[in-house]
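Hi,

Here is the structure I promised to pass on to you. Please have a look at it, and my notes follow just below.

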Amino acid sequence: MTNLKTCNVLIIGSGPAGYTAAIYAARANLQPVVVEGLQAGGQLTSTTDVENYSGFADPIQGPWLMEQMRQQALNVGVELVGDIVTGIDTSTRPFKCTTDSGLTYAARTVIVSTGAQAKWLGLDSEAKFNGRGVSACATCDGFFFRNRRVAVVGGGNTAVEEALYLSAICNEVVLVHRRDTLRAEKVLQDRLQAKANISVEWNKRVDEILGDDNGVNALALRDTRTGAQSRIEVDGVFVAIGHSPSTQLLTGKVEIDNDGYVLTEPGTTRTSLPGLFAAGDVQDKTYRQAITAAGTGCMAALDAERFLAGVAH
């Protein structure tokens with residue numbers, strides 16, 4: 001069997017952007033191939049209630065939504081590959097994309113929908129207790145802290161959503177935020193304030209995560225205004241301070257902004273390299289929602305179709 005495969009559209013990464021791009025590309029008879037990456041379905045596979053995705057009157061589960069998208073892609077003939085793209089050679093056309101399994105795809109167009117990964121605090125103690133009381137995913141690990149006291153670090157939508165989710169599992173949730181106001185949407189802030197078992201440590205940063213052989217047992221905090229130190233007892237800490245776009249494959253190949261997001265032409269998914277498109281959280285630093293990711297996935301497929309229509313076979 002040859003290790004070289006050709007395709008019109010190679011989609012790198014899954015999730016709402018990748019699967020939607022694949023569905024639209026398949027319906028345009030482009031025979032797309034999706035290399036799903038480490039986490040088929042992306043971040044939504046670790047999300048519980050989704051209540052802001054249009055078309056569903058009642059909350060739905062993130063993993064269920066992604067499985068439905070994945071099945072829809074299969075139903076329209078998309079080829080899904082459980083592999084990881086490790087390199088892209090954009091010096092010639094078609095682009096050559098190599099994978100962890102040793103396959104090389106010669107792709108006339110590429111849609112990158114690799115998403116974003118959780119950011120960490122960068123503390124030695126954070127790495128030390130990762131998996132032993134430190135997590136970046138409440139829906140993944142919250143169950144292990146039922147009826148206990150935990151902390152969530154952050155002040156945006158992600159942090160408040162994590163705190164709200166944990167409040168239904170844990171006895172008490174402490175939100176640690178380095179400022180005196182939250183960045184989260186007002187509706188989420190209102191829900192947070194309505195929860196009797198959620199408190200907020202304002203103007204605090206985490207200096208160290210404390211623990212022993214059994215795992216985390218406390219946080220050492222520092223007041224961001226006065227420098228005063230304090231300590232809170234917790235059994236776990238969930239870091240929710242944002243995400244970093246997964247753009248390593250594209251370094252030096254397309255224009256990327258100072259925060260690491262792929263730059264696309266306004267109103268399109270076109271990158272600075274013709275024939276290479278970006279969709280979802282890898283290029284969206286403003287909205288970062290499942291429904292906007294799906295929308296840009298649709299756009300990327302249409303952009304790729306139009307690009308191919310203008311290129312000689």
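How far is the sulfur of cysteine 7 from the closest cysteine sulfur? Before the answer, a reminder that this is a predicted model. The closest partner candidate sits in cysteine 97, and its sulfur is 7.5 Å from that of cysteine 7. A disulfide needs the two sulfur atoms within 2.5 Å, so cysteine 7 and cysteine 97 are too far apart for a bond. Cysteine 298 is in no disulfide either: the nearest cysteine sulfur, that of cysteine 7, is 20 Å away. The search of the whole structure came back with zero disulfides.

You may also want to know how these cysteines sit with respect to the surface. Cysteine 7 is buried, its relative accessible area being 8%. Cysteine 298 counts as buried too, because its relative accessibility of 16% falls under the 20% cut-off.

Now for the charges. On the surface there is a patch of positive charge where Lys119, Arg178, Arg179, Arg183 and Arg288 gather. One of these residues, arginine 178, lies in the loop that runs between β12 (172–176) and α6 (186–194).

Last, a look at glutamine 289. You will find glutamine 289 in the loop between β19 (276–278) and α7 (290–309). With a relative accessible area of 29%, glutamine 289 is partly exposed. In sequence, 245 residues separate glutamine 289 from leucine 44, yet their C-alpha atoms are 10.0 Å apart in space.

Happy browsing, and do write back with any questions.

Best wishes

Technical notes. Residues are numbered from 1 along each chain as its sequence is written. This is a predicted model: local features need pLDDT of at least 70, side-chain atom pairs count only at pLDDT 80 or more; totals for chains, interfaces and linings use all residues. Side-chain values use heavy atoms; hydrogens and water are left out. Patches are made of residues with over 30% relative accessible area and no salt bridge: like charges are joined within 9 Å, nonpolar side chains (Val, Leu, Ile, Met, Phe, Trp, Tyr) within 5 Å. Accessible areas come from the Shrake-Rupley method with a 1.4 Å probe; for residues, only the protein chains shown count as cover. A salt bridge is a side-chain nitrogen of Lys or Arg within 4 Å of a carboxyl oxygen of Asp or Glu. Lys and Arg count as positive and Asp and Glu as negative; His and the chain ends are not counted. The place of a charge is taken as NZ of Lys, CZ of Arg, CG of Asp or CD of Glu. Helices (H or I, at least four residues) and strands (E, at least two) are DSSP runs, numbered from the N terminus. Buried means under 20% relative accessible area, exposed over 50%, partly exposed in between (1.4 Å probe, protein chains only).
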